[in-house]
Amino acid sequence: MRKRSANVAAAIVLSVRKRSDSNNKAPSRNGNQPHVLEKSNNLELFRKGLYQMDLFLQYLITGLTVGSIYALLAIGFVTIYNVTGVLNLAQGEFAMIGALSCVTFVNLGIPILGAIPLAILLTAFIGLAVERLAINPAGKATPIVLVVITLGVSTFLKGMGLIIWGTSPKSLPPLVESKSIEFFGAVVNSQSLWILVVLLALLIVLYWFFEKTFLGSALRASEKNPRAASLMGINTKTMSMIAFTIAAGLGAIAGVMIAPLTDATYEMGFFLGIKGFVAMIFGGMHSIPGAVAGGLLLGVIEAFSGGYISTYYTDALAFGFLLLVLFFRPQGLFTKATGERV
């Protein structure tokens, strides 16, 4: 059984370190002649400079890759919170279900390009069921009660994941088998590129959906003023169901994208969910662009802290930064503070 770090960024950084250490061999010195030693020392300094630049770019790419996953989860958090006012603590479990169900479909012989849509649809249906069976019956319960309900849903889904898929890690092949690309000394694998492309494509689709379609406008209206939206004929309960369905689908995409880089397990959703929540806090709880920026920032913080300090402190530094944000910018780093005159 392969053992992987619960921190995705830390796991990738460790692999980068091992590869870089094996490739970074000091040049041998020839003889004891002064001019030869001076030339050798200059060459060694030059090589070290290039090596440090390679590592910087490698950690940056790693941070953006992992941050894109956090961003997808943060978008799911923001979508549900904006429409329903519910802080969905089960968002990470949608990523777990998406990843493990995709692995199951692939093992059944379905090509990965067919297994991914099936996994996303299955997870989206589960998100819809969660809203209909757990959130909707609660009616006008207090926010604390709704948070406790989503916590219970998270525990239930995690338990079902344990029963269905067991404790052993599951691996998923890359979306497309291709050689890694070298970019100024940093190695970019094809899966990292796909993650960034998927994030960009989803941002474009979400912008078009929320800004250009009637359904997206109805969702935004439900966020701004639910009572006025109801008076205009918008069914806010239906909007809540759609929001959970979209968020579950986004979580599934995040799980499917990260599974080829690190093994998928029944408990992966807990850690991913926490990081998605932190990313939402970084960017602001009402802004999708802010959630994306927060996710990318969190991924970069983890990658650089793991690369230059220690992988043991990546979570501590990330949550320390979260506390600073809560103290000094509680509305988020990328949103303006708002207030209400009373």
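Buried residues, meaning those under 20% relative accessible area (exposed is over 50%, partly exposed in between, with a 1.4 Å probe and protein chains only), make up 46% of the 342 residues in the chain. The model is predicted, so that local features need pLDDT of at least 70 and side-chain atom pairs count only at pLDDT 80 or more, while totals for chains, interfaces and linings use all residues. Residues are numbered from 1 along each chain as its sequence is written, and side-chain values use heavy atoms, with hydrogens and water left out.

**Exercise 1. Describe the overall make-up of the chain.**

Step 1. Helices (H or I, at least four residues) and strands (E, at least two) are taken as DSSP runs numbered from the N terminus, and on this basis the chain holds twelve helices and two strands. Their order along the sequence is α-α-α-α-α-β-β-α-α-α-α-α-α-α.

Step 2. With contact defined as heavy atoms within 4.5 Å, 76% of the contacts between residues at least 6 apart in sequence join residues at least 24 apart.

Step 3. By the Shrake-Rupley method with a 1.4 Å probe, the chain exposes about 17,700 Å², of which carbon and sulfur atoms supply 67%.

**Exercise 2. Characterise the packing of α4 with α9, and then that of α10 with α12.**

Step 1. Two packed helices are described by the angle between their axes and the distance between the axes. The axes are lines fitted to C-alpha atoms, for helices over the stretch in contact, and the angles run from 0 to 180 degrees between N-to-C directions.

Step 2. Helix α4 (residues 112–135) packs against helix α9 (residues 236–258) at an angle of about 140 degrees, with the axes 7 Å apart. A crossing is left-handed if the near helix is turned anticlockwise from the far one by less than a right angle, and right-handed if clockwise; α4 passes α9 in a right-handed crossing.

Step 3. Among the residues that meet are Ile116, Ala119 and Gly127 in α4, and Met241, Phe244 and Gly249 in α9. Counting Ala, Val, Leu, Ile, Met, Phe, Trp, Tyr, Cys and Pro as nonpolar, Asp, Glu, Lys and Arg as charged, and the others, Gly among them, as polar, the residues of this contact divide into 13 nonpolar, five polar and three charged.

Step 4. For helix α10 (residues 268–283) and helix α12 (residues 314–328), the angle is about 35 degrees and the axes are 10 Å apart, and the crossing is left-handed. Ile274, Lys275, Val278, Ile281 and Phe282 in α10 meet residues of α12 including Asp315, Phe319 and Leu322, and the contact divides into ten nonpolar, no polar and two charged residues.

**Exercise 3. Analyse the aromatic pairs in which Tyr59 takes part with Phe304 and Tyr308.**

Step 1. Rings of Phe, Tyr and Trp (its six-membered ring) pair if their centres lie within 6.5 Å, and planes under 30 degrees apart count as stacked, over 60 as edge-to-face and the rest as tilted; a search of the whole structure finds eight such pairs.

Step 2. Tyr59 and Phe304 are edge-to-face, at 6.4 Å centre to centre and 75 degrees between the planes. Tyr59 belongs to helix α2 (residues 34–84) and Phe304 to helix α11 (residues 288–308), so this pair links distant parts of the chain, 245 residues apart, and both residues are buried.

Step 3. The rings of Tyr59 and Tyr308 have their centres 5.3 Å apart and their planes at 80 degrees, so this pair is edge-to-face; Tyr308 lies in helix α11, 249 residues from Tyr59.

Step 4. Tyr59 counts as buried because its relative accessibility is 1%, whereas Tyr308, at 40%, is partly exposed. Phe56, Tyr59, Phe304 and Tyr308 form one aromatic cluster.
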